[in-house]
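Colleague: Hey, got a minute to walk me through this one? I'd like to start with the ligand.

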Amino acid sequence: MKYFSTRNKKLDFDFKQIFQRSLAPDGGLFLPKKINKFSAKDLKQLEKLNYIDLAVAVIASFCEPTFNKKELKILIRKSYKKFKKKNVVNLVSINKDILLELYHGPTLAFKDIAMQCIGNIYEEFNKDNNEITNIVVATSGDTGAAAISALSDRKNINLFILHPYNKISKIQRKIMTTIGGKNIYNIAINGSFDDCQKIVKQMFADNLFRQTINMSGVNSINWARIIFQIVYYFYSFLRMKHKKINFSVPTGNFGDIYAGYMAKKMGLPIEKLIVATNENDILQRVINKGIYKPTKVKTSLSPSMDIQISSNFERLLFYVLKSNDSEVKKLMHNLEIKGYFKLNKNQKKIIQKDFAAFKVTNKETKKTIKKIYKKNNFFVDPHTATGFHAANKIKTKYPCIILGTAHPYKFLETMIKATGKKIKKPSQLSKLMARKEKYNVLSNNTNIIKKYILEKHYEN
Ligand SMILES: *Cc1c(COP(=O)(O)O)cnc(C)c1O
């Protein structure tokens, strides 16, 4: 597969190149030149497959020729060894809704599903190469932990993780700052997730710096994150045996739900993709009103979604603007100069054909957690709760699958406040929590972070 940038269709990179670069040289995001389509008959064939074989069938075209099907299968199988469910994910019925539990990996959030594979891809690429790769990643709490679990103690890799200081849950922080080996550097930034992501993007845009440290990235702007997430949309649809289906997705950086959009482009009969946001509702505003305008980040009960700049939205924009790369560039330029961009009526209509969006307040989140606990004796975490609430607010014809993005234990304090109950500690966490936490607090300043990384990047 060959890839181009949302801001330049002429670009021609292979999977290995876009994996290592993460962000396109012009600041755009990578997209594939072709999207394989599955017919209704093809989908029927896929029904019989277990999760790993299904993953190979769905993803292979994106990774060839860097990986052939056989290599990809070995890689994926190895990646899901640490998951608590044989088929990686798990489906549960809750009243009239269906919950897709994506949090049975080593760090208890859906991020593990792509990240474990990404760890093994780096391992493959580094086999015949003695250069050290320095991965820099911004996290709103879960990506960091998933990346550490996937990359800790790997040869020739350093991992620098930027998280917003004091803005993630205590357990999220503990997992992140206790499980890592020598090659892991946790940096707490005095700022928001958006500030962390901005610093990472500025580093990618600085060619000299990027080359000096041989920089790479594992945020959801990395296309590899998206493709491994397409698989569970297929898997859950094929297990439900409905003619059509909806998905409600707790959303921040627009990565997870973009994987659903790809699944639809690949032929999955999806009625609507429901964007559930917390009070950081930029996506709700752009989908319902057509204005993309970041405001100040608010702290919410679902911290992994406390994001105002939804980077992957640019990938949707490319198709909404009918593959016009210079139009994408223009809107992104507007965003930078004026602080917003506007979509016209027709563009808004195109988005609303595939997407619906609903903003869920803290109060509604808490109420939803409590309601599901009372009625079903079941705990859903605050992110997943936004998905449930949004699903119940948006009218659809077909049933809805809600993506369960994190294990409720990760947000224990909120869970206790909402239900009055304590949750049993999942076995994944039994050992790590006692270890000493390791992180540095640094100021919200790209030059200071660059300096810190330059000092450390050879130690391995
Ligand atoms: C990352 C995360 C999200 C948001 O996913 P995006 O791909 O950024 O939209 C939602 N819930 C949880 C628990 C997360 O960790």
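Modeller: Sure, one bit of vocabulary to begin with: Ala, Val, Leu, Ile, Met, Phe, Trp, Tyr, Cys and Pro count as nonpolar, Asp, Glu, Lys and Arg as charged, and the others, Gly among them, as polar. Also, keep in mind that this is a predicted model.

Colleague: Okay, so how does the shell around the ligand divide into nonpolar, polar and charged?

Modeller: The shell has five nonpolar residues, seven polar ones and three charged ones.

Colleague: And which residues are the closest to the ligand?

Modeller: Of the 15 residues that surround the ligand, the closest are Lys-111, Asp-142, Gly-252, Asn-253 and Asp-256.

Colleague: What does the backbone of Gly-252 do there?

Modeller: One of its polar backbone atoms is 2.8 Å from an oxygen atom of the ligand. Phe-254 has a backbone N or O atom 3.2 Å from a ligand oxygen, and for Gly-255 that distance is 3.3 Å.

Colleague: How much of the ligand's accessible area does the protein cover?

Modeller: On its own the ligand has 380 Å² of accessible area, and the protein covers 98% of that. The space the ligand takes up is also the largest cavity.

Colleague: Changing topic: how many disulfides does the structure hold?

Modeller: Zero. Take Cys-63, which is in no disulfide: the nearest cysteine sulfur belongs to Cys-117 and is 9.4 Å away.

Colleague: Is Cys-63 buried or exposed, and why?

Modeller: Cys-63 counts as buried because its relative accessibility is 0%, and the cut-off for buried is under 20%.

Colleague: What about Cys-400, buried or exposed?

Modeller: Cys-400 is buried too, since its relative accessible area is 6%.

How values were computed. Residues numbered from 1 in each chain as written. Predicted model: local features only at pLDDT ≥ 70, side-chain atom pairs only at ≥ 80, totals over all residues. Heavy atoms only, no water. Near = heavy atom within 4 Å. Polar contact = N/O pair within 3.5 Å; in protein donor to acceptor, adjacent residues only side chain to side chain. Areas by Shrake-Rupley, 256 points an atom, 1.4 Å probe, with all protein chains shown as cover. 1 Å grid on protein atoms, 1.4 Å probe; cavity = no way out; pocket = protein on both sides within 12 Å on 5 of 7 lines; lining within 4 Å. Sits in = over half its atoms within 2 Å of the grid points. Disulfide = S-S within 2.5 Å. Buried < 20%, exposed > 50% of the residue type's maximum accessible area, 1.4 Å probe, protein only.
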